[in-house]
Amino acid sequence: MAFLIRSFFLAVSALVLASCAAGESNVESGNREGILHYGNGAEPQGLDPHIVTGVPENHIVSALFEGLTSKNPYTLEPEPGVAQRWEISDDGLVYIFHLNPEARWSNGDTVVAADFVWSWQRALSPVMGNQNAYMLFPVKNAEEYATGKLENFNEVGIRAIDAHTLRIELNAPTPFFLQLLDHYSTFPVHRPTLEKFGKGTDRFTPWTRVENLVGNGPFVLTEWKLNRRIKVQRSPTYWDRDKVRLNGVVFYPTENVATEERMFRAGQLHYTGTIPLDKIPVYKAMENSPYVNAPYLGTYYYLLNTQAAPLDDVRVRKALAKSINRRQLIDSVMHGINEPAYSITPPDTLGYFPPKLLEYDVDLARQLLAEAGYPNGEGWPGLELLYNTHEAHRKIAVALQQMWKDTLNIDITLANQEWKVYLHTVDQMNFQMARRGWIGDYVDANNFLDLFLCGGGNNSTGFCDAEFDDMVQRQAPRATSREERYAIFYAAETRLMEAVPIIPIYTYSSNHLIHPSVKGMPSNLMDSLNLKYVWLEATP
Amino acid sequence: MNDQAINMIAQAPPGSSLWRDAWHRLKRNRLALFGLAVLSFFILIALLTPWIAPYGYADQNLDLGASPPSAEHWLGTDVFGRDLLTQIMYGGRISLAVGFVATSVALLIGVTWGAIAGYVGGRVDAAMMRMVDILYALPFMIFIVLLMVVFGRNLILLFLAIGAVEWLTMARIMRSQVQTLRQQEFVEAAISIGLPASTIVRRHLIPNALGPIIVYTTLTIPSVMLLEAFLSFLGLGVQPPQTSWGLLISYGAETMEEYPWLLIFPGLALTLTLFSLNFLGDGLRDALDVRGAGD
Amino acid sequence: MWRFIGIRLLQAIPVIIAVVTVTFFLVRVAPGGPFDGEKAVMPEVKAALEAQYRLDQPMLQQYAAYMGDLARGDLGPSFKYPGRSVNELIAAGLPVTAELGLYALLVAVIIGGLAGVIASLKPNTAQDYIPMSAAMIGICMPSFLLGPILLLVFGIYLEWLPVSGWGDIPGDKILPAITLGSTYAAYIARLSRAGMLEVLNQDYIRTARAKGLPEWQIVVKHGLRGGMIPVVAFLGPAFAGVLAGSFVVETIFQIPGLGRFYVQAAFNRDYTMILGTTVFLSTLIVLFNLLSDILAAWMNPRLRAQFGKR
């Protein structure tokens, strides 16, 4: 026994010594070799652009594939991807894309217009079950095809005029259409590769494995170890390869934020997807802090079930919305990383500023509550706030619970549920008040306002206003100028917020730890990553 | 059967005096008494908390936030500026209740189940133990999620859910003990003179198997207290602003570098409870050990 | 003896069938489906997805199909990771978790067993209290606490050991093994102490003492065999528990093991993955419980005699 113990400790100390000798951290070796070590949040579901959903998948898929356009990370303006240039008809309905003749698949094949036609047909195919198919719905007849109402794909508004020219026709003018074209659901996939492993619309084929995958992006896949890491390397066939400065990227599935932060501290990562909330003051106080905070196109809010008492009374909803001190909540519990939100659309969404109707006003809130029949909280029937289990959601709920108690003298009970149960409960509208967040798919108020269309899948409040629907769906797309369009949005959003179907709480922010050697990775509203722009420069 | 064995049976002390003797022996064990005292103290505090807590458990001071121990807040405050001492006192009510009630449930089911399986043996034993295997293998999380959906959220359910999981190992230990004991002379003797099975189990098997059972029980209570935190994560446990030691510890663990006191003090409460339980458990084990007593 | 093993193995089949059946229906009843997400899924898309995974068929037909596949050893495609089969995912995670579990139990048995035996030799003295108190800390220190503490001390402050990974950087297996093992070390220390005390008071030990055998020989030859029975009974479930319960440690240390798949599958409502891991783990549980029963029988002379007679 004693012998065993002794040899155990010997082994331990030998390993410790060995690890000390190894010495060089990922960041050091990465800076030398041009390899970025990237904390990617989770193991990707997969790498098929027409199947996956989610941010971690987006980062990897966007490295391996490229759409018609790509996004400049500094300005978020669309810039050439596979499409070299494009023309838009005066009525905004027809787009002609001229593809770059140099665009290549990673096996050397040329990327042609027919690749896009076939890929979009696949992306929209009703049997595929592509959860992001709706991104292509501005295209004429795309929705009809995806929902099975139309069987002939030739009637959908996408056509290859020749090998390098693509014509796309839309249902209605869509100012944000170009923005959608760097979303992975619009990416092309390599038809011969897919068909080697089965039907194009199969979900189960191994075409995305390391040995099989053929992409057209700036990087190629070289290693995929489940729950461990994914490695990509600069592609030798990419048309814009001279601009790509990284030799490779290693993506880590860092699902535990505390682990991710420790990995960063130990020099195993250049970049973290997020940062534990209570570490923020520590990093903020640092000199040359690696902590980066920027506004993010998303709103954190509470859904109100407008069909059940006591929230069926707009005065009660308004009282709740106006009696919480968002600034205080953010500055204390959230260490000041976010901005208070008073409407669903984040401020300055491509120059659009939403109305500010629900500002903190305790006196008015009390008065409204009294008018609704609960003076100073008397007779209050109680209210349950539902949130999915998460540290930040809990903290916000606990703080707000007490604020409502202090300002309105009403009791709010809290209920947390595990993620999938929570989704189910919200979907069934089996709640009174529930936490929710929405991150924009593209920078446009439309993406936030159309949540609250009558019976919309993400509405979940019971809010339904025909006039609002008309403004968002019919009037806004027909506006002839940005000012006119924004004015319609403003009026629509005012109607929406007057009805208080939600309590906006804050505008999201992105929070990362980024090693000083990482260059060319600016913060932007979409937290959008364009690896083409990134390079590493070891700081002496 | 030999004479000695008959003598052993004859001399087996009647129930009441077994416990009385045990109490005498326990009183001589200072550590066990210390454990008993600490536990009694904690229980007393838990009972009196609503009257003696220095602050309200939901009272926040957002502008103060997390602050280290001070004259106003002896154990510091959490990120909401709530008094930690108050939180620990209220948390103890939940944790002690969960710990003792859920463990008792587990003990009752596990000991009975294991004793029957071990004593009866044969097909009954096989069937009963395979049931245990099945329950071991079911995905616990899905089970809890379903419980919550079917019965809603309440503390009684929480106790039952925990008890329903924790009894399995208890049953296995009890069974293997009983199996061992059953082969011993004094039990074989008792069987052969025709004592009813219930008497044998009650008077000979359970008391003699108590040692490992008590040890395992004292270990189960703290782990049950921590399990409660996980159930709260799934939405079954206590809801804020209510709290428990398990929750305080798991929150504290997330900020151990920034606000160490939020981890240390709840951790200390749990550790003290665990040590007291173990001292008491060991004391009980020794006190009940008839054969060891003569040494 | 062989007969006993044979019977138990036969009994394992209905156990596993029962586990699969109950789990199959349990997961379907649990609220929230595999395709529910933050953004609502269009009904047409959801229907297409369900068709791709046979979820549109009647429940019993699905069950029959699943059992048929299972009999052929096919655990089906994962819902969460399209293009991956459950077999493949388990095959990827199992070796890692098994290795981790083995090291953890090794740590647990060495530390816990040693502490327990030492303590039992001089009960109620310092030689008892000190090792037992040290072992007990392990129970108060759940993995989610011990892991980060060890990482901060040895990974961040001292920079001796890596803070994450498995087999990537030398030494990255040490802290996870200690973290996972420590909880079990405490149990084993307690159980072995109690077991040893029980045995050391038995007649045959007294006889051995009376014969004047050296104390270490009594402890090793006679004491350990009987005294470790509760420990052995505990090891079977413990190993299964380690496999299923390594989730926390795997997450903290970023280890690509089975524990993460097992728990995430439940969170994701990845039906086939839940079933697959459950089938797999239940088989292991049955096997390890059997193994620990056999070992306990072998260590207990009286029970062994009985096996001999049969």
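Start with the salt bridges between chains C and A: this predicted model has 7 of them. To see one, select C:Asp168 and A:Arg228, whose side chains meet with N and O 3.5 Å apart. While you're there, turn on polar contacts between chain C and chain A; you should be looking for 23 residue pairs, both partners at pLDDT 80 or more.

Next, colour the helices of chain C. α2 (43-52), α4 (86-121), α6 (143-157), α11 (247-253) and α12 (258-268) each put at least two residues on the side that touches chain A. Linger on α4(C), which has the largest share at 7 residues. Colour that side of chain C by class and you get 35 nonpolar, 11 polar and 11 charged residues.

Now show the whole contact: 57 residues of chain C against 57 of chain A. About 5,300 Å² is buried between these chains, 59% of it on carbon and sulfur atoms. Pick out C:Glu38, C:Lys39 and C:Gln52, since no other three residues supply more of chain C's buried area than their 13%.

Swing over to chain B and chain A. Here 24 residues from each chain take part in the contact, and about 2,100 Å² is buried, with 53% on carbon and sulfur. Select B:Leu62, B:Phe80 and B:Pro240: they lose the most area to chain A on the chain B side, together 24% of what that side buries.

What about salt bridges between B and A, and how many are there? The count is 3. Zoom in on A:Arg265 and B:Glu257, a salt-bridged pair with closest N and O atoms 2.4 Å apart. Last stop: α9(B), which brings 3 residues, the largest share of chain B's side facing chain A.

Conventions:
Residues are numbered from 1 along each chain as its sequence is written. Chains are lettered from A and ligands numbered from 1 in the order in which they are written. This is a predicted model: local features need pLDDT of at least 70, side-chain atom pairs count only at pLDDT 80 or more; totals for chains, interfaces and linings use all residues. Side-chain values use heavy atoms; hydrogens and water are left out. Contact means heavy atoms within 4.5 Å. Buried area is the accessible area (1.4 Å probe) that two parts lose on being put together, summed over both. A salt bridge is a side-chain nitrogen of Lys or Arg within 4 Å of a carboxyl oxygen of Asp or Glu. Helices (H or I, at least four residues) and strands (E, at least two) are DSSP runs, numbered from the N terminus. A polar contact is a pair of N or O atoms within 3.5 Å; within protein, one must be able to donate a hydrogen and the other to accept it, and residues adjacent in sequence count only if both atoms are side-chain atoms. Ala, Val, Leu, Ile, Met, Phe, Trp, Tyr, Cys and Pro count as nonpolar, Asp, Glu, Lys and Arg as charged, and the others, Gly among them, as polar.
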